[in-house]
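Here are a few short exercises to work through with the model open beside you. Try each task before reading its solution.

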Amino acid sequence: MSSLAEITAVLGDAVEESFEKGPEGNVDTWVRVKTSAWREVAETLREKLGYDYFCFLSAIDWMPSPYGRGEEDPTAEREPIDPTIRQGYAGGSTRMQVFARLVNHRTHHGLTLKADVPDDAMTIDSWVGVFAGANWHERETHEMFGINFAGHPDLRNMYLPTDFEGHPLRKDFPLLARIVKPWPGIVDVEPLPGGGDDEGGAE
Amino acid sequence: MTMLGDRQQLAYIASQAADARVNVELETEGMTLNIGPQHPATHGTLRIIARLDGEQVLWAEPSCGYMHRGYEKLTEVRTFPQVTALINRIDWLGSFANEVPFILAAEQLMGIEAPPRAQWIRTILFELSRIANVSLFLGDLGVQLGAITPVFFAFRDREYVLNLIEGATGGRFHPNFDRIGGLKDDLPAGWIDETRAVMRKMRKFCDEIEGLLFGNEIFEARTRGIGVIPRDVALQYGLSGANLRGSGVDWDLRRDQKLPMAWDKIDWKVWTHPDGDSYARCWIRLQEVRESTFIVEKLLDSLPSGPVMAKVPRIIKVPEGEAWVATENPLGEMGYYVVSKGELGPFRVKIRSASFNNISIVPWLLKGVYVPDIITILASLYFILGDIDR
C-alpha cells in the first residue's frame, strides 16, 4: 500500500497539504495539490504509483448557503448566517474546490485529491486526456458549479436545458421549492408520547 | 427550452457525422436514429442518438437528464436521517443497498458502529436487494434479446424476495429501514425459515435461467464477442460491478474493503470472467445472484443475537468532517462523499452512482457496432435510469 509519505515524495512540489484519517489498515488519504499541477498529478499517480481506477470527479462550494437550511420557523426572526468560508480536510483558500478520487486497483488504496479553483478565473485543467471517464464527470461539474475545464472536448450540459441560467449546486443558487413553501419537517413540532424534556423536532 | 436543446444537439451530431465519411465509393446516405426516451430496452427514459451508416453505428451518444431530480442539492436541506428517504430512489430496484453506504458514512463521522446483529441483518438485506435487482436483469435480458419466457420467471420469483424485504422492513421497494446506529426493527418471527426456503427457490430460478439463456445458441451468438471492454479501458472509465469483473479485474468492494458489515465474516467467492464481452457480464451477474443466495444462508447460520440499535442521541448532529464510503451495490460501486459542518444535515453530499460511470463508456463502446448489438450492449451494461441521473 502506498503510504502518504510515498505519495508526497513522488508528487513533490505539487502537494499543498495532506491529511490522513482512519484506523490502522483502513486509512483514508486526502491530498490537496496546486491548481496548475492538477492534470500532471493525475498522470504521475497513474503512471508511477498505479492509481489507475478513476472513481469520480466533482466540486464543492465552500460558501455557507445564504438561504440557510430552510428548516427554521418561518414566523420567527431569522438568525444571521456566518458567511465565513471554512474549507475541509487538507485546507484550501478558494470558495470552489474540485475533488476527485483515484484508486489503485491492485492494493485497493483510494485517495481523494483536491485542488483550489481560482475565484476569478474558475478554470482548471481537464483530466479527459488522462482518464477518459472524467469526460462526463467534468461536464456535470461544469453545469452544476460553473467550473471550466481547459482542454475538455465538449462541455455541453448533461441534465439541464442548453439555455438554463445559473449553476444549481452553487450555494447561492436558491432551492426555490424550499423558499416558497417552508419544509414542515422541523416546523411541525409536536410533543412526543411519554413527554419528557424534548428539544422538540421530528425524527 | 427543450426544443432549442434538441436542435443544438442535432446540429452537433450532424457536424460530427460529416467528418466521418465512410463508404465514399458507394455514396451511402447516413441516417440519424433516435432510440428512446421511451423504449422497452432502456429501463426508464434513456435516449440514445446514433448516427448510422447502413447498419453500422458511426457515432452514438446517450442523452441523460430526463430523470434528474437534483438529489445532491436536496440533501443539503435535509437532516441526516431524512436523506435515506431520498437516496432510496436512486437505484429503485435495490433500494436498501443505496441506504447502507450513506448511513455508514454518517456513522463513521460520528464514530459509532452498529451492533453485530444489525450489521448481519444489514448485509442480509443488502444481498436480498441484489438478488431482487439482478434477477430482474436476468429476466429482462431475455426480452431484450428476443426471448420472452425468462421475464415471466423473473417476475414470478423476484416476488418472493420482495415479500421477504417487505416482511422485514415494511416496504417492498423503498424500505427506508436503515438508521444511523443500526436498524429500525429486528427481524419478524418466522422470517429466517422463510428466507431459507426462498433462497433455495432462487437457486432453482438461476438454474432455470442458465438452462434457458446461457446454453442457448442464439443467446451465445448475440452476446459472445459483442461489446468487448478491455481491462485498462474499464479502469479508465471507472466501470464497476459485473462490468469491471467481466473484463477480468478481480475487484469486489465487499471483499476488498474494511467496513462494519458481515461479508468478511464468511467464505464466499468473487466471480470474474476474462473475456470482457456482453456474455461475460451477463454470466457474472448470474453467478453473483447464486453466490448471494449462499451468502444469505451462511449469514443466517451465524446470525448473532443482541440489540439492533446502538445508543445514539435522539437528535442527530454529525461532527464536522468528511467521509467517503462506497459499497458493492447490485449495479456496481455506489459511494457517498459526505461533508458535514457539524449541523443537523450534510453540507454537501456527492453521490457516486455506478450507472453514471458504467454508461459513460457507451459512446466509446458503440462506435462501429451494428444496430441490433446496440440493445445487447446496453442490456449487458445494465443501468437504472435513476442511478444515472440521480
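**Exercise 1: the interface**

Work out how many residues of each chain take part in the contact between chain A and chain B.

Solution. In this predicted model, 38 residues of chain A are in contact with 36 residues of chain B. Next, look at which elements of chain A contribute: β3 (53-61) and α3 (134-145) each supply at least two residues of the side that touches chain B. The largest share, 6 residues, comes from β3(A). Finally, sort that side of chain A by residue type: 17 nonpolar, 13 polar and 8 charged.

**Exercise 2: the fold of chain B**

Decide whether chain B is as compact as a globular protein of its length.

Solution. Begin with the inventory: chain B holds 16 helices and 8 strands. Its radius of gyration is 22 Å, close to the 21 Å that the globule rule gives for 390 residues, so chain B is as compact as a globular protein of that length. The C-alpha trace spans about 75 × 50 × 35 Å along its principal axes. Of the 390 residues in chain B, 53% are buried. Among contacts in chain B with a separation of 6 or more, 71% join residues 24 or more positions apart.

**Exercise 3: one helix**

Compare the end-to-end reach of helix α5 of chain B with the expected value.

Solution. Helix α5(B) covers residues 116-144, which is 29 residues. From first C-alpha to last, α5(B) reaches 42 Å, close to the 42 Å expected at 1.5 Å a residue. Now check its surroundings: 25 of the 29 residues are buried, leaving α5(B) mostly covered. Just after the helix, B:Gly146 takes a positive phi of about 95 degrees.

Methods
Residues numbered from 1 in each chain as written. Chains lettered and ligands numbered in written order. Predicted model: local features only at pLDDT ≥ 70, side-chain atom pairs only at ≥ 80, totals over all residues. Helix = DSSP H or I, 4+ residues; strand = E, 2+ residues; numbered from the N terminus. Rg over C-alpha atoms; globule rule 2.2 N^0.38 Å. Buried ≥ 20, exposed ≤ 12 C-beta atoms within 10 Å, placed from the backbone. Contact = placed C-beta atoms within 7 Å. Nonpolar A, V, L, I, M, F, W, Y, C, P; charged D, E, K, R; others polar. Expected span 1.5 Å × (residues − 1).
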